[in-house]
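Biologist: I'd like a close look at a single part of this model, with the cut-offs spelled out as you go. Could you then place that part in the rest of the fold?

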Amino acid sequence: MDEKEPQQSRRGFVKKTTALLGAAVLAAPSAKAMSLTNPGRESGDARYIGQEGKRFGMVIDLRKCVGCQACTSACKSENKVPLEKFRTYVPEYELGSYPNVHKAFLPQLCNHCAEPSCVSVCPTGATFARKDGIVVVDNEICWGCGYCVNACPYDKRYFNPITNVADKCTLCAHRVDHGLLPACVESCVGGARVFGDFNDPSSAVSKLLATFPTTVLKPASGTKPRVFYIALSGEIQGLPYSLKALDDMARKIDGMPTTREWSTKGE
């Protein structure tokens, strides 16, 4: 897939965002929103600061992913993700040509980039990266302008209809800060998702990076994602995902019952 055109579009958006920032500030609902400071971080709240010296991220081994959506379900339950919204999801693709075809699964979530485009366009400072690399959104000072949603090249942000602000995966920072794994990692039945500290050479994620060739989604975006994939097919590396599962589409085409074990609508 040629990413030049989408990339140019993103750059154009960022330029327009910069030009309109002054107007946005004048329209800000409060002085706090215009300050570009984060009260939680300024007060030294550990939840906003993160863990000094660590660099958290994830390695996903696609050889082990079976597309069961246990991670999706666990994430929605743990983080109270609204109906029909997702912080993580596992789209499926059909690769090859008849009769040699097979399914491929591609777990996706916020990439917690080293150079996050969402942070640079946020006019309030609500979106920021903790010292341990986890990118979060402070819903108390986010005013829902949508700049970060549009700036994300991976389309992994959404408007939360309950809080009316931007929302996304936080790598379950509230769990990580207490020594627990993200809910999606803990629930992965195939052991495809591995979470850890890239600054620690003895961590599982560091060992995987040192042992297997890995790649990231949309490397041309320049955001330096910290979610790495093992055995990622070039055919699907830059493709968007659909919430419509292939099995569901096939059932409809073949006139089969629509009742299914897993609902792609987050029910």
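Which residues of helix 5 are buried?

Modeller: Quick housekeeping before the helix. This is a predicted model, so local features need pLDDT of at least 70 and side-chain atom pairs count only at pLDDT 80 or more, while totals for chains, interfaces and linings use all residues. Residues are numbered from 1 along each chain as its sequence is written, and side-chain values use heavy atoms, with hydrogens and water left out.

Now to your helix. Helix 5 spans residues 70-79, in a numbering that starts from the N terminus and takes DSSP runs as elements (H or I of at least four residues for helices, E of at least two for strands). Its buried residues are C71, T72, A74, C75, K76 and N79; buried is under 20% relative accessible area, exposed is over 50%, and partly exposed is in between, with a 1.4 Å probe and protein chains only. Those buried residues pack against strand 2, helix 8, helix 9 and strand 10, where contact is heavy atoms within 4.5 Å. Right after the helix comes K80, with a positive phi near 50°.

Two of the buried helix residues have partners in the loop that leads on to strand 2 (88-89). Take K76: its charged end sits over the ring of F86, 4.7 Å from the ring centre. The criterion there is NZ of Lys or CZ of Arg within 6 Å of the ring centre and within 35 degrees of the ring normal. F86 lies in the loop between helix 5 and strand 2 and is buried, at 10% relative accessible area. Its C-alpha is 9.4 Å from that of S73, with the two positions 13 residues apart along the chain. R63 makes a similar arrangement elsewhere, with its charged end over the ring of F212, 4.6 Å from the centre.

N79 is the other one. Its side chain makes a polar contact of 3.3 Å with the side chain of R87, meaning N or O atoms within 3.5 Å; within protein, one must be able to donate a hydrogen and the other to accept it, and residues adjacent in sequence count only if both atoms are side-chain atoms. R87 lies in that loop between helix 5 and strand 2 too, and at 11% relative accessibility R87 counts as buried. The side chain of R87 also reaches D167, with a polar contact of 2.9 Å. Leaving out residues up to four places away in sequence, R87 touches C75 and N79 on the helix side, and its list also includes V81, Q108, L109, C110, Y158 and C169.

Helix 8 (173-176) and helix 9 (183-187), which helix 5 packs against, also turn up in the largest nonpolar core, where each gives two or more residues. A core here is a set of buried Ala, Val, Leu, Ile, Met, Phe, Trp, Tyr and Cys residues joined through side-chain atoms within 4.5 Å. This one has 34 residues, and M58, L106 and Y229 touch the most other members. Strand 1 (56-61) supplies the largest share, three residues. L106 has contacts beyond its close sequence neighbours with, among others, L62, Y89, V90, L217, Y229 and I236. A separate core of 11 residues includes C122, I141, C148 and A166.

There's an aromatic angle as well: the whole structure has four aromatic pairs. One of them is F198 with F228, whose ring centres are 5.5 Å apart and whose planes meet at 80°, so it is edge-to-face. For Phe, Tyr and Trp (its six-membered ring), centres must lie within 6.5 Å; planes under 30 degrees apart are stacked, over 60 edge-to-face, and the rest tilted. F198 sits in the loop between strand 10 and helix 10, F228 in strand 12, and they are 30 residues apart. F198 is buried at 18%, and F228 is buried at 18% as well.

To zoom out, the protein has 11 helices and 12 strands, and 46% of its 267 residues count as buried.
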